[in-house]
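Me: Please take a close look at one part of this predicted model, namely a pair of packed helices, and set that part in the context of the whole chain.

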Amino acid sequence: MGFTLGSLTEISRPTVLKYLQTLEDTFVLSFLPPFFTNKRSALSKREKVYFGDLGLRNFCGGGFTSISARGDIGALVENAAFLGIKDNLNPEWQIFFWQTKSGVEVDFILERNGEIVPVEVKWKNFTSPEIPRSLVSFIDEFSPNKAFVLTAGFKGSKMFKKTFKQFLNEKLF
C-alpha cells in the first residue's frame with residue numbers, strides 16, 4: 001500500500017505542493033526531474049528530492065553519527081554529490097536522473113544540446129575500474145561518449161563500448 005505525504009499528514013494535495021514549492025524556493029530542497037527521451041513517459045514519473053543543506057538533512061534524518069556507522073551513507077554521499085554538481089555546473093547543462101521500470105537507476109544525467117553524460121555515485125573502495133550495472137544499462141541504451149563514477153577511493157579510467165569512463169575520488173567529506 002502506497003502512502004503520499006498528504007495522506008500521512010492529512011494535508012490536502014494543493015497545500016502539500018505549495019509547501020514543497022516554498023521549500024524549493026528557499027533552497028531547503030531541490031527536485032531533480034527524470035531523464036526521458038519519450039516526453040509522455042516523463043509526465044508520469046516522480047522527481048527525486050535532495051536537501052540543500054546536509055546538516056539539515058542529517059538533523060531531519062536523526063543522525064550525526066560517523067560515516068562508518070551510518071546506514072544512509074550512500075544517500076548522504078549522493079546528496080553531497082548533487083550539491084557539488086549543481087553548484088559547479090555550467091548553466092548550459094541540465095541535471096536529471098535516470099530510472100528504468102525495473103528500478104535500475106543512474107544517479108545523475110547531465111544534458112546539453114543532446115549531449116548526455118551519466119554520473120554514478122558509489123561510496124565504495126574500488127580496487128579496479130568496475131562499471132556499476134546501472135551504468136552499463138544506461139550505456140547500452142544511450143551510448144554516451146563519456147561517463148563518470150564518483151568513488152570513495154579509486155581514481156582511473158576505462159573504455160567500455162566506446163564510452164570513456166572516468167573514476168574520480170573527490171573529497172566529499
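Reply: A useful starting point is helix α2 (residues 13–25), whose 13 residues should span 18 Å at 1.5 Å a residue, and because its end C-alpha atoms are indeed 18 Å apart, the expected and computed lengths agree. Following α2 comes Phe27, which has a positive phi near 65°.

The pair itself consists of helix α4 (residues 54–61) and helix α5 (residues 73–88), whose axes come within 11 Å and cross at roughly 155°. The angle is over 145°, so α4 counts as roughly antiparallel to α5, and the crossing in which α4 passes α5 is right-handed. On the α4 side the contact is made by Leu54, Arg57 and Asn58, while α5 contributes Ala75, Leu76, Asn79, Ala80 and Leu83. Sorted by character, the residues of this contact comprise five nonpolar, two polar and one charged.

Turning to α5 alone, this helix has 16 residues and reaches 22 Å from its first C-alpha to its last, close to the 22 Å expected at 1.5 Å a residue. Its buried residues are Ile73, Leu76, Val77, Glu78, Asn79, Ala80, Ala81, Phe82, Leu83 and Ile85.

As for the wider setting, the protein has six helices and eight strands, arranged along the sequence in the pattern α-α-β-α-β-α-α-β-β-β-α-β-β-β. Of the 173 residues in the protein, 35% are buried, and among contacts with a separation of 6 or more, 44% are between residues 24 or more positions apart.

Conventions:
Residues numbered from 1 in each chain as written. Predicted model: local features only at pLDDT ≥ 70, side-chain atom pairs only at ≥ 80, totals over all residues. Heavy atoms only, no water. Axes fitted to C-alpha atoms, helices over the stretch in contact; angles between N-to-C directions. Helix = DSSP H or I, 4+ residues; strand = E, 2+ residues; numbered from the N terminus. Parallel < 35°, antiparallel > 145°, perpendicular 65-115°, else oblique. Left-handed = near helix turned anticlockwise from the far one by under 90°. Contact = heavy atoms within 4.5 Å. Nonpolar A, V, L, I, M, F, W, Y, C, P; charged D, E, K, R; others polar. Expected span 1.5 Å × (residues − 1). Buried < 20%, exposed > 50% of the residue type's maximum accessible area, 1.4 Å probe, protein only.
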